[in-house]
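User: Could you teach me how to read a protein model, one feature at a time?

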Amino acid sequence: MSGLLVEPIPGEPAAVAQTTRRGFPERSLVVADYHAGIEAGLRYERGVELPSNAAVRRERLLSLLDQTDADRLVVLGDLGHRIGDPKGAEAEELTDLVEAVTDRAEMMLVPGNHDGGLADFFGDSVEVTDRSGVRLGDVGFCHGHTWPSRDVLAADVVCSAHEHPAVRLEDEVGGARKERAWLRGRLVPDVFAEHFDVDVAELEWRDPELVLFPAFNNTSGGTWVNVPGQGFLSPFLPDGLADGEAYLLDGTRLGDYRNV
C-alpha cells in the first residue's frame with residue numbers, strides 16, 4: 001500500500017516502517033490507539049460492563065513484535081484510555097505491557113489526547129516525543145489530534161491516527177457491517193502553509209503520503225469515513241488530504257473512501 005517505507009501487516013491493524021534513528025536504519029513496528037484499560041473506562045464513563053481484554057491485547061502486540069523482529073515499537077498515541085494519570089486496572093495493564101515490550105525492543109510513544117499523564121508514569125522506560133510528532137528518517141509520526149510539526153511534514157510518508165477509521169459496508173440485501181480500515185492519500189501543502197502562516201514555497205515538502213492507521217483496540221469506536229455527516233476529528237482532515245483510498249485490514253482495496 002505504501003511502498004517500502006510503511007508496509008501494513010496483512011490482517012492486522014499494524015505496520016512495519018523503515019525508519020532511521022541516530023543515523024542507523026531500523027525496523028519499527030507501528031500501532032495506534034491501543035487504549036489500555038478501555039474496559040475500566042467504559043464501566044466508569046458509560047456503565048458498560050466488559051471483561052478485561054488486557055492479556056489478549058498484550059499477546060497480540062508481542063506476537064507482532066516477534067513476527068516482525070522489530071527494533072522499535074512506535075505507538076501513534078492513545079496508548080492509555082484514561083485522560084490523565086493512569087490508575088487501577090489501566091495502570092496495571094500499562095506496566096505489564098511496557099515491561100514485556102521493552103524486554104524485546106525500544107519503545108516510543110507519540111502522545112495523543114489520552115496520554116497526558118504517561119510521560120511521568122513511564123519515566124525512562126518509554127521515549128515520549130513532543131505532541132506534534134517526530135520524524136525518524138523518511139517517515140514522520142503524529143497522533144493527529146493536533147497539527148503535525150513542519151519537521152514531520154518534511155517526511156516522505158506521514159503516519160497518523162486518532163480517527164479510528166472504519167467503513168460501513170452493505171450487502172445486496174441491505175445488511176451492513178463496520179470494518180476497521182486504512183486510509184491513504186497525498187497531503188495538500190496549502191492547508192499546512194496556511195496553518196503555519198508561511199508561503200507554500202517555505203515548507204520543506206516532498207509530496208508526502210498520509211497513512212491513517214486503524215485503531216489497534218477493536219472495542220473503541222471510530223470515524224465511519226464513507227458515511228455522510230461523519231466528521232473527521234483531526235484539524236487537518238479532510239481538507240489536508242488531496243485524495244484518499246480505503247483498504248481493509250486484509251489488504252482489500254476499496255477505492256476512494258468517499259465512494260465506498
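User: Let's begin with one residue: in which strand does Glu26 lie?

Analyst: First, some ground rules: this is a predicted model, where local features need pLDDT of at least 70 and side-chain atom pairs count only at pLDDT 80 or more, while totals for chains, interfaces and linings use all residues. Residues are numbered from 1 along each chain as its sequence is written, and side-chain values use heavy atoms, with hydrogens and water left out. Helices and strands are DSSP runs numbered from the N terminus (helices: H or I, at least four residues; strands: E, at least two). Glu26 sits in strand β3.

User: And is Glu26 buried or exposed?

Analyst: Look at relative accessible area: buried is under 20%, exposed is over 50%, and partly exposed is in between (1.4 Å probe, protein chains only). Glu26 comes out at 14%, so it counts as buried. To get a feel for scale, try Glu170: its C-alpha atom is 41 Å from that of Glu26, and the two residues are 144 apart along the chain.

User: How many salt bridges does the structure hold?

Analyst: A salt bridge here is a side-chain nitrogen of Lys or Arg within 4 Å of a carboxyl oxygen of Asp or Glu. The structure holds 15 of them. One of these joins Arg21 to Glu127, with the closest N and O atoms 2.3 Å apart. That pair links distant parts of the chain, as Arg21 is in strand β2 (residues 15-21) and Glu127 is in strand β6 (residues 127-128), 106 residues apart. Arg21 counts as buried because its relative accessibility is 15%, while Glu127, at 30%, counts as partly exposed.

User: What do Arg206 and Asp156 do?

Analyst: Their side chains meet in a salt bridge at 3.6 Å, N to O. Arg206 belongs to the loop between α6 and β12, and Asp156 to the loop between α5 (150-153) and β9 (157-160), so this pair ties together parts 50 residues apart in sequence. Arg206 is partly exposed at 35%, and Asp156 is partly exposed at 25%. Bridges can also share partners: Arg21, Glu26, Arg72 and Glu127 are joined into one network that way.

User: How about Glu59 and Arg58: what do their side chains form?

Analyst: A salt bridge, at 3.9 Å from N to O. Glu59 is partly exposed at 46%, whereas Arg58 is buried at 19%.

User: Which residues have the most contacts inside the largest nonpolar core?

Analyst: A nonpolar core is a set of buried Ala, Val, Leu, Ile, Met, Phe, Trp, Tyr and Cys residues joined through side-chain atoms within 4.5 Å. The largest one here has 27 residues, and Leu29, Leu61, Leu73 and Leu79 have the most contacts inside it. Elements giving two or more residues to this core are β3 (24-31), α2 (54-68), β4 (72-75), α3 (88-102), β5 (106-109) and α4 (118-122). Of these, α3 gives the most, with five residues.

User: Now the surface: which residues form a negative patch?

Analyst: Patch residues have over 30% relative accessible area and no salt bridge, and like charges are joined within 9 Å. Here, Asp190, Glu194, Asp197, Asp199 and Glu202 form a negative surface patch. Glu202 is in the loop between α6 (189-196) and β12 (209-212), and at 47% it counts as partly exposed. Asp197 lies in the loop between α6 and β12 too, and it counts as exposed at 70%.

User: What is unusual about the backbone at Asp197?

Analyst: Most residues other than glycine have a negative phi, and most peptide bonds are trans. Asp197 has a positive phi of about 60 degrees, although it is not a glycine. Asp78 has a positive phi too, about 55 degrees, and is not a glycine either. Asp78 lies in the loop between β4 and α3 and is buried, with a relative accessible area of 2%.

User: And where is a cis peptide bond?

Analyst: Between Leu237 and Pro238, where omega is about 0 degrees. You'll find Pro238 in the loop between β12 and β13 (245-248).

Technical notes
Patch = residues over 30% accessible without salt bridge, like charges linked within 9 Å, V, L, I, M, F, W, Y side chains within 5 Å. Areas by Shrake-Rupley, 256 points an atom, 1.4 Å probe, with all protein chains shown as cover. Lys, Arg positive; Asp, Glu negative; His and termini not counted. Charge placed at Lys NZ, Arg CZ, Asp CG, Glu CD.
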